[in-house]
Amino acid sequence: MQIITNQFQKELKKHGSDYFPFLVSYQRLSEYESNSFMWHYHPEIEITYVKKGSMHYRVNNRSFHLKEGDIIFCNANALHTGEMENQEDCSYIPITFDPKLIYGFFRTKYVTPVIQNLSACAMHIDYSESWHAVFRDRMLEVIDLDKKRPDFYELDISIRMQTMWRLLVEYLPHHPV
C-alpha cells in the first residue's frame, strides 16, 4: 500500500465526504511499502495520535520523533511523511478534516432546516425540561465572555453557541434533522 498523489504530491484520497469532510483512520507503518508513507499534502488538517510504537515524522523542513501517546498537528497543505524508527512498527490514528468543519459545514443539515421551519417560530426555555438549565448556563457563559473579552473569546463563544444550537435542534418540536 502507498498514498496516491498527483504530480505535485497532493494526496488524491478523499477524507470523509463532501457533506462531512472528516475521517478517522487506523494505520500501521508496516502496511506501507518501505515501511513509510510518502511525502504528500492535502487541504485538510491532520491530527495524528501515536497508539503504539514510534515514528520519525517530518513536516516541511521540520523533523519530529513521535513516541507512543504523542500527538502531532499537521496543518492544511503542509508536506509531510512518516517512517519507522529502528525497523519497529508503529500504529497510529490520524484524524483528517477540512477546516470548514470548524466554521460552516453544518449549515445545510443543522441551520437551514431550523430557520425554514415555519412551525418553529419560537421555543420557550422555562426550565420545564432538564436541558433548559444547560442551555441557560451556556448562554450566561456567552454573555460573560462577551463582557470580559478574554483571549480566544470568539472561539469560546462559537463553541458555546454551537452547544446551544445543538440543544435547540435536538429538542425542537418536529425537529428537522
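The buried residues of helix H3 pack against helix H4 (153-171), and the model you are looking at is a predicted one. Let's take that packing as our starting point.

**Exercise 1. Which residues of H3 are buried, and where do they fall around the helix axis?**

Solution.
- Step 1: Begin with the span of H3. The helix covers residues 131-148, and at 1.5 Å a residue its 18 residues should span 26 Å. The end C-alpha atoms are 26 Å apart, which agrees.
- Step 2: Pick out the residues under 20% relative accessible area, the cut-off for buried. In H3 these are Trp131, His132, Phe135, Val142 and Leu145.
- Step 3: Look down the axis. The buried residues of H3 fall within an arc of 150°, so they line one face of the helix.
- Step 4: Turn to the other side of H3, where Lys147 and Lys148 are exposed.
- Step 5: Put the pieces together: the buried residues of H3 are the ones that pack against H4.

**Exercise 2. Take the view from H4: which of its residues are buried, and what covers them?**

Solution.
- Step 1: Check the span again. The 19 residues of H4 should extend over 27 Å at 1.5 Å a residue, and the distance of 27 Å between the end C-alpha atoms agrees.
- Step 2: List the buried residues of H4: Tyr153, Ile157, Met164, Leu167 and Val169.
- Step 3: Find the cover. It includes H3 and also helix H2 (107-115).

**Exercise 3. Trace the salt bridges of Glu141: which residues join it in one network?**

Solution.
- Step 1: Stay inside H3 to begin with. Glu141 and Arg138 meet in a salt bridge, with 3.1 Å from N to O. Both residues lie in H3, 3 residues apart, which is about one turn of the helix.
- Step 2: Cross over to H4. Arg160 forms a salt bridge with Glu141, and their closest N and O atoms are 2.7 Å apart. Arg160 lies in H4 and Glu141 in H3, so this pair ties together parts that are 19 residues apart in sequence.
- Step 3: Follow the shared partners. Salt bridges join Arg138, Glu141, Asp156 and Arg160 into one network.
- Step 4: Ask how open these residues are. Glu141 is partly exposed at 27% relative accessible area, as is Arg138 at 21%, and Arg160 counts as partly exposed at 22%.

**Exercise 4. How far apart in sequence are the parts tied together by the salt bridge of Arg58 and Glu83?**

Solution.
- Step 1: Recall that side chains of opposite charge can pair when their charged atoms come close.
- Step 2: Look at the pair itself. The closest N and O atoms of Arg58 and Glu83 are 3.7 Å apart, and the two residues form a salt bridge.
- Step 3: Place each partner. Arg58 is in strand S5 (residues 54-59) and Glu83 in strand S8 (residues 80-84), so the pair ties together parts 25 residues apart in sequence.
- Step 4: Add the accessibility. Arg58 is partly exposed at 27%, and Glu83 is partly exposed at 28%.
- Step 5: For the wider picture, the structure holds 10 salt bridges.

**Exercise 5. Is Tyr32 buried or exposed, and what is it in contact with beyond its sequence neighbours?**

Solution.
- Step 1: Locate Tyr32 in the loop between strand S2 (27-28) and strand S3 (36-40).
- Step 2: Use its relative accessibility of 8%, at which Tyr32 counts as buried.
- Step 3: Leave aside neighbours within four places in sequence. Tyr32 is then in contact with Met1, Gln2, Ile3, Gln27, Phe37 and Tyr92.
- Step 4: Single out Met1. This residue is 31 residues away along the chain, yet the C-alpha atoms of Met1 and Tyr32 are separated by 4.8 Å.

**Exercise 6. In which loops do Gln87 and Phe152 lie, and what is the sign of phi for each?**

Solution.
- Step 1: Keep the usual pattern in mind: most residues other than glycine have a negative phi.
- Step 2: Gln87 lies in the loop between S8 and strand S9 (91-97). Its phi is positive, about 55°, and at 64% relative accessibility Gln87 counts as exposed.
- Step 3: Phe152 is in the loop between H3 and H4. Its phi is also positive, about 70°, and Phe152 is exposed at 60%.
- Step 4: Finish just after H3, where Arg149 follows the helix with a positive phi near 50°.

Note on methods:
Residues numbered from 1 in each chain as written. Predicted model: local features only at pLDDT ≥ 70, side-chain atom pairs only at ≥ 80, totals over all residues. Heavy atoms only, no water. Helix = DSSP H or I, 4+ residues; strand = E, 2+ residues; numbered from the N terminus. Expected span 1.5 Å × (residues − 1). Buried < 20%, exposed > 50% of the residue type's maximum accessible area, 1.4 Å probe, protein only. Arc of directions from axis to C-beta. Contact = heavy atoms within 4.5 Å. Salt bridge = Lys/Arg side-chain N within 4 Å of Asp/Glu carboxyl O.
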